[in-house]
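Me: Could you take me through the cavities of this protein, with a close look at the main one and whatever you find around it? I'd like one connected account rather than a list.

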Amino acid sequence: MTQPRTPLRILAPEAAAPAIVRELSRRRFLSFAALAGGATVLAACAPGGSGSPAPQASGGDLEGDVSVYTWGDYDSPDVVEGFTAELGPKVTLDSYSSNEELIAKLVAAKGTSGYDIVVPTGVFIPQMIENGLLTKFNKELLPNMSNMDPAFLGRAWDPGNDYSVCKAWGTTGYVYDKTVITRELTTWADFFDAAQNEASGKTAMSDDPAGIIGSYFWANDLDWNTEDPDELEACRKFLVEEIAPHISAFDSYPGTNAIPQGTQVLMQAWNGDARLGLMESSEPERWQWVLPGPVTELWMDNWAIAAGAPHPEAAHAFIDYSMAPENLVLNLDYIGYNVGGKDMEAAAEESGLELADMIFFTPEQLETMHEQELNDSQTTRVSIYNEVKAAAGA
């Protein structure tokens, strides 16, 4: 990666407070609940607004600009600037740290968020569709969808890709400072052991319920989608009582500052963010990336258009532009995640992409990765996440 990374404008705490998503049902429209600063905000979601195709492009100038609410530092500046130079609309990027934060923002806005494009993780998409938070694609405006690898299309959460298409996918692991932790760490159990010992007070976990809660189940080789109350209670007790006091930060993007600046010793991280942190560190040999056993996560983030998007044609155009072969490669190089295009590994090899083994995984590694499922335990899981944060030594 040769280009500088562009910092994103982070929403103020009062606008992007950590959110609780209440029980989500596939059978009926329910409210989401967002918990911010002790106040509970309930917003009813109307079923309308998610089924109408976007208007056809008129062939003239695209209307307005494009506002994207996405994960931090998730688009190549070359792609963003190229889109504006070629097609006109400027692109504004805001970021969030969890799907819960994204959903709470959209629910509170009731279709008036002002965002055109959002990038939810796949497992959240069915409930977002049911609750009218997304707009159906006009696929005639997305011809570059043909450049996507069929392996990353037609996922269970949106079999027809009517509302979403792969933006990037990856996994969750961790990075540690080898000058402080001199033994080899290979598992999630090792992560927790080091957090309580060499890295106590210098350990960061993702600011994301899935990663925090999941790590306990991954360490114990248990089904991380369990709804068993006893297993969830054991998870809560371990994380809140034994791990939280050793946590110094909740940071979904340690590759931006914590790794390059060496402010933490042990950091939970998504693979692409960890890769960028290693590349930007002045001492890359100091850090070790771990894809931990025995199991870990597989996630896929997806382009989608928000309900009430003020500029739907421009939104389609930016998504389509990002799926052009040359732009898929630019985003692959910049964000360090597999972007789901055809022949991405060959393109990476041809371009001499650094640390490609942190992006492309062997069949054996893929066997250890499991997707999250939303179920009736979601409220409990987010409650555990909030308890961990409250009990942390940060």
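Reply: Happy to! One definition helps before we start: helices and strands here are DSSP runs, a helix having at least four residues and a strand at least two, numbered from the N terminus. Please also keep in mind that this is a predicted model.

Let's begin with the enclosed space. The structure has five cavities of 30 Å³ or more, and the volume of the largest one is about 300 Å³. Its lining is made up of 28 residues, and those closest to the centre of this cavity are W71, D208, W270, W299 and D301. Several elements take part: α2 (99-109), α5 (209-219), α8 (271-280), β13 and α13 each bring at least two residues to the lining. The biggest contributor is α5, which gives four.

Strand β13 is a good thread to follow from here. The second largest pocket encloses about 220 Å³ of space. Among its 16 lining residues, G122, V123, W157, E371 and Q372 are the closest to the pocket centre. For this pocket it is β13 (residues 296-306) that supplies the largest share of the lining, namely four residues. So much for the open space; now for the loops.

The loop between β12 (287-290) and β13 contains P294. The peptide bond leading from G293 to P294 is cis, with omega near -5 degrees. Another backbone feature is found at D343, a residue other than glycine whose phi is positive, near 55 degrees. D343 sits in the loop between α10 (325-335) and α11 (344-351). Both features are worth a glance because most residues other than glycine have a negative phi, and most peptide bonds are trans.

Helix α13, which also helps to line the largest cavity, leads us to the surface. E373 is located in the loop between β14 (369-370) and α13 (378-391). Together with D223, E227 and D376, E373 forms a negative surface patch.

Finally, a word on charge pairs. Eleven salt bridges are counted, taking a side-chain nitrogen of Lys or Arg within 4 Å of a carboxyl oxygen of Asp or Glu. One of them joins D75 and K167, whose closest N and O atoms are 3.4 Å apart. Since D75 belongs to the loop between β4 (66-71) and α1 (77-87) while K167 belongs to strand β8 (residues 165-177), this pair ties together parts that are 92 residues apart in sequence.

Conventions:
Residues numbered from 1 in each chain as written. Predicted model: local features only at pLDDT ≥ 70, side-chain atom pairs only at ≥ 80, totals over all residues. Heavy atoms only, no water. Patch = residues over 30% accessible without salt bridge, like charges linked within 9 Å, V, L, I, M, F, W, Y side chains within 5 Å. Areas by Shrake-Rupley, 256 points an atom, 1.4 Å probe, with all protein chains shown as cover. Lys, Arg positive; Asp, Glu negative; His and termini not counted. Charge placed at Lys NZ, Arg CZ, Asp CG, Glu CD. 1 Å grid on protein atoms, 1.4 Å probe; cavity = no way out; pocket = protein on both sides within 12 Å on 5 of 7 lines; lining within 4 Å. Points joined across faces, edges and corners; volume = space filled by probe spheres on them.
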